[in-house]
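Thank you for passing this structure along for comment. Please have the sequence and the model open while reading the points below.

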Amino acid sequence: DFPAPQGTTAAAHAQAVIDELVTLIEAAGGRTLALFTTTRALTEAAAAIRERTDHRVLVQGEAPPRHLVRDFAADESSCLFATTSFWQGVDVPGAACSLVVIDKLPFPRPDDPLAVARREAADAHSGDGFTDVYVARAAVLLAQGVGRLIRSSADRGVVAVLDPRLSTKAYGRLLLASLPPFRVWHDRDVVVGALQRLARRD
């Protein structure tokens, strides 16, 4: 039920992400790694969340990455907000990372010349450069981002992808197929309840 993250509804989507982050962070008691596809979205969301929640918000760029990850792992009530460089290599097992939020599907920027050239070459070869290049790249990055949640066999939690295209577009099925076999929910109340139960048990 989210607005689309591009075109005339992009601003509405950005606000919906912030509102949803507040709900999910409070339910999880912090413990949130929020991954953004742009620095602008990261900066705007971090500023808004700091105003609307008492949880500590660690932000990429405000300290060295290793310090941010260390502090996030040590303080279970904290949140870590970051962009694409944190979609891989962040290893925080246990309850400190019980919620991974992804603001948008990680497609290349429309003005990325390398991605555009690869898509054009794939179009000439297979006729479907969007799937062969854009969807394939997004699948890899999405799997890397989702992988920040489960770092050991005992880890539990929620991955929230706040992009309606995962459910409404045909390529959404391809992206879901690239992920581990998670249970998929669309009901916010179910997700909030799960996060609250995890927070109480931990």
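The numbered points go from the overall fold to the surface and then to one residue.

1. Please keep in mind throughout that this is a predicted model. The protein contains 8 helices and 5 strands, and when these elements are read along the sequence they follow the pattern α-β-α-β-α-β-β-α-α-β-α-α-α. The radius of gyration is 17 Å, close to the 17 Å given by the globule rule for 202 residues, so the protein is as compact as a globular protein of that length.

2. For a sense of the dimensions, the C-alpha trace spans about 55 × 35 × 30 Å along its principal axes. Of the contacts between residues at least 6 apart in sequence, 69% join residues that are at least 24 apart.

3. Turning to burial and surface, 43% of the 202 residues are buried, while the accessible surface of the protein comes to about 10500 Å², with 53% of that belonging to carbon and sulfur atoms. The charged side chains number 23 positive and 24 negative, and the centres of these two sets lie 3 Å apart.

4. One residue can be followed more closely, namely His-55, which sits in the loop between helix 2 (39-52) and strand 2 (57-59). Is His-55 buried or exposed? Its relative accessibility is 18%, and because buried means under 20%, His-55 counts as buried.

5. As for the surroundings of His-55, leaving aside residues up to four places away in sequence, His-55 touches Ile-25, Glu-26, Gly-29 and Gly-30, and also Ser-77 and Cys-79.

Conventions
Residues numbered from 1 in each chain as written. Predicted model: local features only at pLDDT ≥ 70, side-chain atom pairs only at ≥ 80, totals over all residues. Heavy atoms only, no water. Helix = DSSP H or I, 4+ residues; strand = E, 2+ residues; numbered from the N terminus. Rg over C-alpha atoms; globule rule 2.2 N^0.38 Å. Buried < 20%, exposed > 50% of the residue type's maximum accessible area, 1.4 Å probe, protein only. Contact = heavy atoms within 4.5 Å. Areas by Shrake-Rupley, 256 points an atom, 1.4 Å probe, with all protein chains shown as cover. Lys, Arg positive; Asp, Glu negative; His and termini not counted. Charge placed at Lys NZ, Arg CZ, Asp CG, Glu CD.
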